[in-house]
Amino acid sequence: MTSTSTSSIGAAPEDAAPPAPRHVGQPAWRPSRVRQLARAAMSAALPRRMFMVRGPKATPGICLTFDDGPHPQHTPRLLDVLREVKVPATFFVIGKHAERYPEIVRRIAAEGHVIGHHTYSHTRASEMKNSELLQEVRRTDRVLSEITGKGSRLFRPPWGKLRAGQFCRLWSAGYGVMLWSADPKDCNCKAVGPVREWFERKPLLAGDVVLFHDDQPYAAEVLPELVGDARRRGLEFVLPGRWISIRSCAASTVGRD
Ligand SMILES: [Zn+2]
């Protein structure tokens with residue numbers, strides 16, 4: 001699919017990796033200049049409900065997002081920490097994992113977090129026809145509806161990449177695409193140290209959308225420190241519903257700052 005690499009747009013830290021259902025162990029991805037420019041242009045031109053990389057810098061909000069779960073050990077531990085620090089978050093779940101661990105999905109929803117989806121099988125969009133991608137998205141939407149009573153209109157593609165035609169199919173079907181602006185690359189780490197050091201080098205900024213993976217243990221370890229530091233600097237943690245109007249983005253019942 002040679003044409004896909006030139007027409008795909010988005011941000012993808014694990015982009016150079018071979019096709020795989022998970023990001024772990026894959027080399028860090030460096031976005032091409034062309035793709036960076038394309039993403040910036042799309043972000044400036046489109047409403048956030050259609051395509052969001054970050055929130056407004058003028059407000060103090062930060063969105064924490066977690067991909068690739070639910071995971072039977074790491075996701076419940078992460079939910080415990082989020083409850084302790086009173087932070088709402090957004091989980092981009094893989095449909096087949098949601099099917100396998102429906103009780104964790106129900107807990108995510110019950111504790112006031114937003115659920116988005118991340119395809120059913122975590123296949124690269126470049127390997128799917130436009131119609132196949134939409135089928136995966138709708139299948140995951142149905143899984144979420146069966147588990148929680150409502151689907152989601154918030155989508156994040158694996159590796160952050162979609163072809164232009166796939167964006168259009170998703171938008172016409174009513175889905176919004178949410179990428180990220182801060183990526184500590186926890187999926188490539190083998191210990192928490194590099195994740196902590198990443199945030200020391202690049203402290204969170206207003207409007208950041210942070211990419212973590214809840215099939216990894218590191219977010220739960222760094223969150224208390226990260227949240228404390230951000231709050232001391234006047235920042236707060238919000239859900240995407242603060243910035244966009246998407247049906248799935250219900251108001252959080254988790255404590256806000
Ligand atoms: Zn993923």
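This section describes the fold, the core and selected residues of a predicted model.

The protein chain contains 9 helices and 10 strands. Of its 257 residues, 48% are buried. Contacts reach far along the sequence. Among those between residues at least 6 apart, 77% join residues at least 24 apart.

Confidence varies along the chain. The mean pLDDT is 85, and 83% of the residues reach 70 or more. Over residues 11–21 the pLDDT falls below 50, although this stretch has 30 contacts in the model beyond near neighbours in sequence. Residues 24–28 also stay under 50. For them the model has 10 contacts beyond four places in sequence. Where pLDDT is low, predicted coordinates should not be read in detail.

Strand β3 covers residues 61–67. Each of its partners described here runs parallel to it. β3 pairs with β9 over 5 bridges, in the parallel sense. Two of the residue pairs can be named. L64 of β3 has V210 as its bridge partner in β9, and D67 is partnered by H213 in β9. β3 is also joined to β4 by 3 bridges, and these two strands run parallel. Here T65 has T90 of β4 as its bridge partner. A parallel pairing over 2 bridges links β3 to β10, where G61 stands opposite E236.

β4, residues 90–93, pairs in turn with β5. This pairing is parallel and has 4 bridges. T90, the partner of T65 in β3, stands opposite V114 in β5.

In a regular strand, side chains alternate between the two faces of the sheet. The strands of this model can be read face by face. In β3, 7 of 7 residues are buried. G61, C63, T65 and D67 lie on one side, and I62, L64 and F66 on the other. Both faces are covered. β9, residues 209–213, is likewise mostly covered, with 5 of its 5 residues buried. V209, L211 and H213 point one way from β9, whereas V210 and F212 point the other way. In β5, residues 114–117, V114 and G116 point one way and I115 and H117 the other. All four of these β5 residues are buried.

Nonpolar side chains tend to be buried together in soluble globular proteins. The largest nonpolar core of this model has 57 residues. I62, L64, V177, V209 and V210 have the most contacts inside this core. V210 illustrates the packing. Apart from neighbours within four places in sequence, V210 is in contact with I62, C63, L64, T65, W180, A182 and L204.

Helix α9, residues 218–232, gives the most to this core, with 7 residues. The buried residues of α9 are Y218, A219, A220, L223, L226, V227 and A230. They pack against β3, α3, α8, β9 and β10. α9 has 15 residues and spans 22 Å from its first C-alpha to its last. This is close to the 21 Å expected at 1.5 Å a residue. The helix nevertheless bends by about 35° at P224. Just after α9, G234 adopts a positive phi of about 85°.

Two further sites were examined. G69 is found in the loop between β3 and α3. Why does G69 count as buried? G69 has 27 C-beta neighbours inside 10 Å, so it counts as buried; the cut-off is 20 or more. Leaving out residues up to four places away in sequence, G69 touches T75, F91, V93, H97, D214 and D215. G69 and F91 are 22 residues apart in sequence, and their C-alpha atoms are 7.6 Å apart in space.

R83 has its place in helix α3. Its surroundings contain 13 other C-beta atoms within 10 Å, so R83 is partly exposed. R83 and E111 are separated by 28 residues in sequence. In space they are 8.0 Å apart, C-alpha to C-alpha.

Note on methods
Residues are numbered from 1 along each chain as its sequence is written. This is a predicted model: local features need pLDDT of at least 70, side-chain atom pairs count only at pLDDT 80 or more; totals for chains, interfaces and linings use all residues. A nonpolar core is a set of buried Ala, Val, Leu, Ile, Met, Phe, Trp, Tyr and Cys residues joined through C-beta atoms within 7 Å. A residue is buried if 20 or more other C-beta atoms lie within 10 Å of its own, exposed if 12 or fewer, and partly exposed in between; C-beta atoms are placed from the backbone. Two residues are in contact if their C-beta atoms, placed from the backbone, lie within 7 Å. Two strands pair if DSSP finds at least two bridges between them. The expected span of a helix is 1.5 Å times one less than its number of residues. The bend at a residue is the angle between axes fitted to the seven residues ending there and the seven starting there. pLDDT is the predictor's confidence in each residue, from 0 to 100.
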